[in-house]
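Student: I would like a close look at one part of this protein: its salt bridges. Please take me through them step by step, and then show me what surrounds them.

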Amino acid sequence: MAEDDSGLIDPVTGRPIKRSVIAAMRAEVANTDAIEGRPPFAGHFATRMRPELLGGIIRAADNGSSLEWRIVQEEIEELYPHYHAVLGKRKRGVCQLPVTVRPASDSAEHLRHAAFIDDWLKSGLLHQALFDVTDAIGKGGSVTEIVWDTTATWKGKPAVQPKELLFREWRFFETSWRDGDTIWLRTMSGATPETLGGFAELIPHKFVVHRHKSKSGLLIRAGLTRVVAFLWMYSMFTLRDWALFTQAYGMPLRVGRYGPEASATDKSVLWKAVSSIAGDVAAIIPKSMEIEFAKDTDRKAGAELYEKRLDWLDRTVSKVVLGGTAGTDAISGGHAVGRQHRQVEQDVERFDAGLLGTTITRQLVQPMISFTFGPQTEGYPTIQIGQPDQVPLNEFITGVAAGVPLGMRVRADDVRERLGLKAPEPGDEVLAAPAAAPGKTPVAPLPDDPTNDQQSRRLFGRLLTLHAEAAPELVEQLTERLAGEAAGALAGMTAKVRHAFDQASDMHDLAHRLARLELPEREFAEAMARGMALAQLVGQADLLSEIGARRH
């Protein structure tokens with residue numbers, strides 16, 4: 001190992017990392033520093049925003065000078081309440097999804113790698129940083145600085161893992177004017193000639209740079225704020241006009257008149273008098289002049305115009321950020337509309353989770369494994385955010401309940417996992433199906449390939465024994481009779497159900513196939529009705545026999 005080498009291998013280049021770089025990876029290099037060009041506050045533009053100013057700021061960003069645009073992005077999120085609310089909802093939605101680790105394979109070494117990442121996740125460091133990483137949804141990108149701990153241990157052996165994940169302001173960085181995608185750090189001391197001064201290239205494996213494009217194209221033109229910017233500006237104008245209208249609404253207009261002999265001082269005194277009565281809805285004119293005021297016959301409609309425009313702008317922002325309005329606004333349409341909009345939001349959520357999981361895997365997990373176990377040629381663990389697509393719980397329960405009696409084998413652990421239950425341990429109090437009463441014949445599970453006659457006998461035998469303590473020979477006779485009557489109907493039902501099981505690709509597909517089956521239920525229902533009637537008669541007869549025995 002060379003004297004300047006640290007012993008850590010770069011997972012991308014495969015070369016040893018220099019000690020000077022490792023020293024920088026252990027420290028903070030992109031913190032707030034006014035001397036380095038990263039001041040804590042960088043001015044405001046919202047208070048004087050106009051269409052021409054906003055357009056000029058966006059054009060400057062497209063040409064490689066994005067500082068003002070990044071400041072405006074921050075202000076829009078702060079000053080536009082509706083955008084702040086819907087964007088926060090989208091960010092919090094993906095941040096609350098479960099985070100799991102998937103090993104590269106089932107080999108012992110890959111399972112060991114996954115266990116190392118999983119143990120680090122339990123520290124909660126990533127969970128705290130996810131909200132800051134998702135800042136890229138609105139701005140197009142976000143940067144999180146990693147402070148590495150190169151002296152950590154895991155199960156008694158040296159390990160390298162993040163000690164801190166620090167959010168860095170998006171305005172601390174600039175997008176390269178060369179390719180429109182590479183991120184540079186604003187700095188003075190670390191500036192390089194290649195970046196034309198004032199910027200420095202990011203230290204490899206020192207930052208998590210999350211790119212979240214709302215549209216295809218250059219990074220500088222990505223981010224939801226790009227779409228929302230003009231909507232925010234028009235909303236701000238409308239809100240200001242509405243405030244002025246509300247202030248003046250219902251106020252009487254005061255008109256002061258002065259004569260030709262009035263001096264400038266007299267006019268000033270008159271103006272102060274009329275304007276101080278209430279608000280600025282006032283004027284002064286010479287006595288020889290007249291002003292005609294047109295009466296507004298429908299001021300209420302004028303007031304509603306502002307509200308309608310603001311509501312339209314807000315609903316449009318909801319569509320941009322969430323894909324619909326049902327998640328933020330009460331609309332007519334009932335449960336079906338709300339459910340449809342929730343499905344759209346779930347699609348957006350899965351998209352966000354997929355991008356986020358890929359970024360964390362490539363820029364955080366892979367360096368951790370490479371620094372601790374060495375570069376891998378057969379794969380790295382992956383981070384999965386959210387649950388995989390699953391059959392809805394009610395369809396899952398229905399499918400299991402329908403399939404098990406027909407011979408489908410289901411692992412109990414899979415059912416418990418889907419329901420969020422744990423297997424009982426010795427000594428635990430458990431809830432279970434009631435045991436069969438003494439003297440009653442429990443119904444055994446169906447064999448793998450039962451005949452129709454066997455199914456019928458078991459079904460009606462269970463029906464009879466549930467209703468009464470009938471004599472065994474009587475139960476046998478009734479069972480034989482009812483089984484014969486129902487065998488034909490049951491045969492048609494069983495064949496179709498078994499065919500659905502054979503053709504289904506998964507539980508979701510099976511549920512839809514079972515729902516579409518057209519089973520001969522009329523004949524089977526008639527046999528069931530006769531069976532229940534006979535069972536009731538058997539129960540009554542048994543009760544009468546017991547009463548008669550007690551009397552004697």
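Tutor: This is a predicted model. Start with D347 and R350, which form a salt bridge with their closest N and O atoms 2.3 Å apart. Both residues sit in helix α11, and because they are three residues apart, about one helical turn separates them. D347 is partly exposed, with a relative accessible area of 41%. R350 is also partly exposed, at 43% relative accessibility.

Stay in helix α11, which covers residues 334-373, and find D352. D352 is buried: its relative accessible area is 3%, and the cut-off for buried is under 20%. What does D352 touch, leaving out residues up to four places away in sequence? It touches R90, V94, I137 and H212. Take I137 from that list. D352 and I137 are 215 residues apart in sequence, yet their C-alpha atoms are 8.3 Å apart in space.

Now go back to salt bridges. The structure holds 21 of them. In one, the side chains of K139 and E77 meet at 3.2 Å, N to O. This pair links distant parts of the chain: K139 lies in helix α7 (residues 136-139), E77 lies in helix α3, and 62 residues separate them. Are these two buried or exposed? K139 counts as buried at 4% relative accessibility. E77 counts as buried at 14%. The pair also belongs to a network of salt bridges that links E74, E77, K91, D135 and K139.

Two members of that network, E77 and K91, also appear where helix α3 meets helix α4. There, I76, E77 and L79 in α3 meet P81, Y83, H84, L87 and K91 in α4. By class, this contact has five nonpolar, one polar and two charged residues. Helix α3 spans residues 67-79 and helix α4 spans residues 81-95. Their axes come within 5 Å and cross at roughly 95 degrees. The two helices are therefore roughly perpendicular to each other, since that term covers angles of 65 to 115 degrees.

Next, look at K206 and E145. Their side chains meet in a salt bridge of 3.3 Å, N to O. K206 lies in the loop between β8 and β9, and E145 lies in strand β4, so the pair ties together parts that are 61 residues apart in sequence. K206 is buried, with a relative accessible area of 0%. E145 is buried too, also at 0%.

E145 leads us to the sheet around β4. This is an open sheet of three strands in the order β5-β4-β9, with antiparallel pairing. The edge strands are β5 (157-168) and β9 (207-211), each pairing on one side only. From one strand to the next, the twist averages 30 degrees. Strand β4 (residues 141-154) is joined to β5 by 10 bridges. One residue to find is W148, whose bridge partner in β5 is P162. Helices pack on this sheet as well. Helix α5 (residues 108-121) touches β4 and β5, and its direction makes about 45 degrees with that of β5. Helix α6 (residues 125-133) touches β4, β5 and β9, and its direction makes about 30 degrees with that of β5.

How values were computed. Residues numbered from 1 in each chain as written. Predicted model: local features only at pLDDT ≥ 70, side-chain atom pairs only at ≥ 80, totals over all residues. Heavy atoms only, no water. Pairing = 2+ DSSP bridges. Helix = DSSP H or I, 4+ residues; strand = E, 2+ residues; numbered from the N terminus. Axes fitted to C-alpha atoms, helices over the stretch in contact; angles between N-to-C directions. Contact = heavy atoms within 4.5 Å. Parallel < 35°, antiparallel > 145°, perpendicular 65-115°, else oblique. Nonpolar A, V, L, I, M, F, W, Y, C, P; charged D, E, K, R; others polar. Buried < 20%, exposed > 50% of the residue type's maximum accessible area, 1.4 Å probe, protein only. Salt bridge = Lys/Arg side-chain N within 4 Å of Asp/Glu carboxyl O.
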